[in-house]
Amino acid sequence: MKKILILSGLLVGVTLTSCKDDFLTIVPETELSSVVFFTKEADFQQAVNAAYVPLRTLVNDRMWLLGEMHSDNTYYSRNPLFGATEQQEDIADFAVPTANGVTSNTHVLNAYRQEYLIIARVNQILSQIDKVEFNADSKNNIKGQALFLRAQAYFTLIQLFEKVPMHLTPATGRADAAQPLAEREAVFAQIIKDTQEAIPLLPLKSKQEAGRVTSGAAQTLLGNVYIVQKKWAEAETLLKAVVNSNEYALIPNYADAFSGNAANKNNSESVFEVQFLEGAAGLNGNFIYQMLPRPISPTEIAPITGTSNPQPLDGEGNNTPTPDIIAAYEDGDEREDASIGYVTLSGSARLNKVYPYIKKLAKTHSLNNNHGTNWHIYRYSEVLLFLAEALNEQGKNGEAEGYLNQVRNRANLGNFAGGDLKEAIFRERRVELAFENKRWFDLVRTGRAIETITAYGNRIKANPQAYYYPEGTAPRGNAFNNISIYYGLPADEAALTPNF
């Protein structure tokens, strides 16, 4: 059995310094710099482990806010006894305050900084790895992982923001740290370059240590990039390579596709997932606690989490499935029951005290507010749906239907029955990938974001009680007044640079 990779939480002690590769350059022996740190394979292994670490913070605390609750799939659960949690509400309500292209929203800031932390750590690795001699296969593997992580970070950034600075080498001073905003085309070109270079360097899933990125993960990422760019033929080639590798397969029962607290991680359907470990080592997640409706008592939370010491949760709930996503499931779709559960909150101020919650991520565990459930970045079912989309856009409808039907049949649904295949694939993505931070990006890339969210906001304002508002309360006056396809850049970062 392969050892599951557990990512270290330690920051590699590399300062933002550099030196020319000649003997006249003297590095202070008391200062840990990239020059003196990177001397052997183990140093690069430690560094690439550290480059994965921000992914845990991103998926645990940020991306479900920016990519799922910032859509019509989930909403926040209003608790007037607590008062506003304005930063989260602004994201859910499409009311993020933005002026001159920047915002003070703390979740936007923290996501931005975590992505650039990945990039900074990768840049240190790539700047030094070719200068140190060690096993070629190991070097290629580390280099491929680093390139993938940088590409994935920039891909997330360019989907969140219209333009971003592009750093490809370690900063050596304040002037280097304040890069101008790069054009989107240049950022996409670098993402493609990094991923194309990573693919042949990375091993197949069956040859890679569990939890690390693989050639299939890199092909899927690049296929995703080409889908966003509407380069359908290029996407088809990459995604078929993933399918034809025979490294992945749909798990027969949809509910089993998601990792448990300690088991079923990195399974046959997993293309890439972020690793968590329950316990006191700082490698755990707690995202399901952040997503539960509130106020919830220990008696009400215990059946969901399975902990022996459940604690009450007050405040406002986040990422509560909307009536819209619940209605999106077809009759007989097994994914609905696997994905969405219901809990009655005795302390709720609503007349209807029944709330939905994200069941497919709520795996039982031992420690209160501490679990080891992994988070998927890509699953094989998404590869099949991406491939169906790429084929359909090229007029290869029969072949596209075959891949769509694989996903439908696993959910106990019949084959596509005719009609608009493009819309069928889009609808299938919504329910198959619900709560996996895909919905907002799908709305944006297909040009549906403004129309869809405008209609969604109107439904909430017309019937707030259906969207978990207690009787007598309604959305704030600024709700849905700033529907934009991009977030503003972080104001705190803008204060550090003249470039935005």
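These legends describe close-up views of a predicted model.

**View 1. Helices α4 and α5 pack against each other.**
Helix α4 spans residues 106-128, and helix α5 spans residues 136-160. Their axes lie 9 Å apart and meet at an angle of about 150°. Angles over 145 degrees count as roughly antiparallel, so α4 is roughly antiparallel to α5. The crossing of α4 past α5 is left-handed.

**View 2. Side by side, α4 and α5 share a contact made of residues from both helices.**
From α4 come Y112, E115, Y116, I118, I119, V122, N123, I125 and L126. From α5 come I142, K143, A146, L147, L149, R150, A153, Y154, T156 and L157. By class, this contact has 14 nonpolar, 2 polar and 3 charged residues.

**View 3. The largest cavity holds about 320 Å³ of space.**
The structure has 4 cavities of 30 Å³ or more. In the largest cavity, 25 residues form the lining. Nearest its centre lie Q152, T156, N437, K438 and F441. Several elements each supply at least two lining residues: α2 (41-67), α5, α8 (215-228), β10 (375-379), α14 (380-393) and α17 (439-445). The lining divides into 12 nonpolar, 6 polar and 7 charged residues. T156 also appears in the contact of α5 with α4.

**View 4. The second largest cavity holds about 60 Å³ of space.**
Its lining consists of F258, S259, L361, T373, N374, W375, H376 and E436. By class, that lining has 3 nonpolar, 4 polar and 1 charged residues.

**View 5. The largest pocket holds about 660 Å³ of space.**
Of its 22 lining residues, Y116, A120, H167, A177 and E493 are the closest to the centre. Helices α4 and α6 (174-177) each supply at least two residues of this lining. α4 gives the most, with 8 residues. The lining comprises 13 nonpolar, 6 polar and 3 charged residues. Y116 of α4 is also one of the residues that meet α5.

**View 6. The second largest pocket has a volume of about 320 Å³.**
Its lining counts 19 residues. E423, F426, R427, E428 and R430 lie nearest the centre. Two or more lining residues come from each of α15 (397-410), α16 (421-432) and α17. The largest share, 7 residues, belongs to α16. By class, the lining has 8 nonpolar, 1 polar and 10 charged residues. Helix α17 also supplies at least two residues to the lining of the largest cavity.

**View 7. A cis peptide bond joins R294 and P295.**
Omega is about 0° at this bond. P295 sits in the loop between α10 (287-291) and α11 (298-305). Most peptide bonds are trans.

**View 8. N264 has a positive phi.**
The value is near 65°, in a residue other than glycine. N264 belongs to the loop between α9 (232-244) and β6 (270-274). Most residues other than glycine have a negative phi.

Technical notes:
Residues numbered from 1 in each chain as written. Predicted model: local features only at pLDDT ≥ 70, side-chain atom pairs only at ≥ 80, totals over all residues. Heavy atoms only, no water. Axes fitted to C-alpha atoms, helices over the stretch in contact; angles between N-to-C directions. Helix = DSSP H or I, 4+ residues; strand = E, 2+ residues; numbered from the N terminus. Parallel < 35°, antiparallel > 145°, perpendicular 65-115°, else oblique. Left-handed = near helix turned anticlockwise from the far one by under 90°. Contact = heavy atoms within 4.5 Å. Nonpolar A, V, L, I, M, F, W, Y, C, P; charged D, E, K, R; others polar. 1 Å grid on protein atoms, 1.4 Å probe; cavity = no way out; pocket = protein on both sides within 12 Å on 5 of 7 lines; lining within 4 Å. Points joined across faces, edges and corners; volume = space filled by probe spheres on them.
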